[in-house]
Amino acid sequence: MANEEAKYDVIKSSKSYEIRKYSDRLAVEVISENGNSGFRKLFNYISGNNEDKKEIKMTVPVTQEVKNGNMTMQFYLPSKFNKTNTPKPSNSEIKVLTIEGGYYAVIKYSGRSSDQNFLKNKDILEKQLKQDNITILSPPIRASYNSPFTLPMLKRNEVMYRIDL
């Protein structure tokens, strides 16, 4: 069964990237020095380690970005949740937040979601956006859609930038 994906509308497509419009979406976030420990904390939260002991279905993508010099990881919550019915985290390191909707430029790539693969595609997208005179408003966001057990050539990864349109 497929995981629920954050909803968006494609506004424009080019050879190398697309521009998407996202609505506001609810997420849980953890700041961490080590991405794996961030994943584990968020996974524990959706597995029922929250004040309501409620299991929450996994959604995609899982995103990572640098905020104020720290690496953050986010899991989007299923669309049935809102600020009032979202289980409160038991772990004080996990924050529930609304990610503001807006326009994002996105480049898709397959393979491992390694730093090298991410940085290569980030540079391609950044260069293309500068050529197209599109203003970048955020640090690059790493979005991963598949489990670690998916074969690399079948993985869907993305680099996203919030942009001004």
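This note goes through strands, a helix, charged pairs and backbone details in a predicted model.

1. **Ground rules.** The model is predicted: local features need pLDDT of at least 70, side-chain atom pairs count only at pLDDT 80 or more, and totals for chains, interfaces and linings use all residues. Residues are numbered from 1 along each chain as its sequence is written, and side-chain values use heavy atoms, with hydrogens and water left out.

2. **Ile-19 in β3.** Ile-19 sits in strand β3, residues 18-22. Strands here are DSSP runs of E with at least two residues, helices are runs of H or I with at least four, and both are numbered from the N terminus. Ile-19 is buried because its relative accessibility is 2%; buried means under 20% relative accessible area, exposed over 50%, and partly exposed in between, with a 1.4 Å probe and protein chains only. Beyond its neighbours within four places in sequence, Ile-19 has contacts that include Val-10, Ile-11, Tyr-104, Ala-105, Ile-134, Ile-163 and Leu-165. Contact means heavy atoms within 4.5 Å. Ala-105 is 86 residues from Ile-19 in sequence, yet their C-alpha atoms lie 4.5 Å apart.

3. **Strand β9 and its partners.** Strand β9 covers residues 102-109, and 6 of its 8 residues are buried. β3 pairs with β9 in the antiparallel sense over 5 bridges. Pairing requires at least two DSSP bridges between two strands. In this pairing, Tyr-22 stands opposite Gly-102 of β9. β9 is also joined to strand β12 (residues 157-164), again antiparallel, by 7 bridges. There, Lys-108 stands opposite Glu-158 of β12.

4. **Helix α2.** Helix α2 spans residues 115-131 and has 17 residues. From first C-alpha to last, α2 reaches 24 Å, close to the 24 Å expected at 1.5 Å a residue; the expected span is 1.5 Å times one less than the number of residues. Its buried residues are Asn-117, Phe-118, Asn-121, Lys-122, Leu-125 and Leu-129. Seen down the helix axis, they fall within an arc of 125 degrees, so they line one face of α2. The arc is taken from the directions from the helix axis to the C-beta atoms. The cover over these buried residues includes β9, β10 (135-136), β11 (141-144) and β12. Gln-116, Lys-120, Lys-127, Lys-130 and Gln-131 are exposed on the other side.

5. **Glu-18.** Glu-18 is also placed in strand β3. Glu-18 counts as buried because its relative accessibility is 13%. The side chains of Glu-18 and Arg-20 share a polar contact of 2.7 Å. Such a contact is a pair of N or O atoms within 3.5 Å; within protein, one must be able to donate a hydrogen and the other to accept it, and residues adjacent in sequence count only if both atoms are side-chain atoms. Among the residues in contact with Glu-18, leaving aside neighbours within four places, are Tyr-8, Lys-12, Tyr-104, Val-106 and Lys-108.

6. **Salt bridges.** The whole structure holds 11 salt bridges, each a side-chain nitrogen of Lys or Arg within 4 Å of a carboxyl oxygen of Asp or Glu. One joins Lys-67 and Glu-29 at 2.6 Å, N to O. This pair links distant parts of the chain, 38 residues apart: Lys-67 in strand β6 (residues 62-67) and Glu-29 in strand β4 (residues 25-32). Glu-29 is buried at 9% relative accessibility, whereas Lys-67 is partly exposed at 27%. Another joins Glu-100 and Arg-162 at 3.7 Å, N to O.

7. **A charged network.** Glu-158 forms a salt bridge with Arg-156, the closest N and O atoms being 2.9 Å apart. Shared partners join Glu-5, Glu-18, Arg-20, Arg-156 and Glu-158 into one network of salt bridges. Glu-158 is buried, with a relative accessible area of 0%. Arg-156 is partly exposed at 22%.

8. **Backbone points to check.** The peptide bond from Val-60 to Pro-61 is cis, with omega near 0 degrees. Pro-61 lies in the loop between β5 (59-60) and β6. Asn-68 is not a glycine but has a positive phi of about 50 degrees. Asn-68 is in the loop between β6 and β7 (70-76), and is exposed at 79% relative accessibility. Asn-133, just after α2, takes a positive phi of about 55 degrees. Asn-133 is exposed, with a relative accessible area of 70%.
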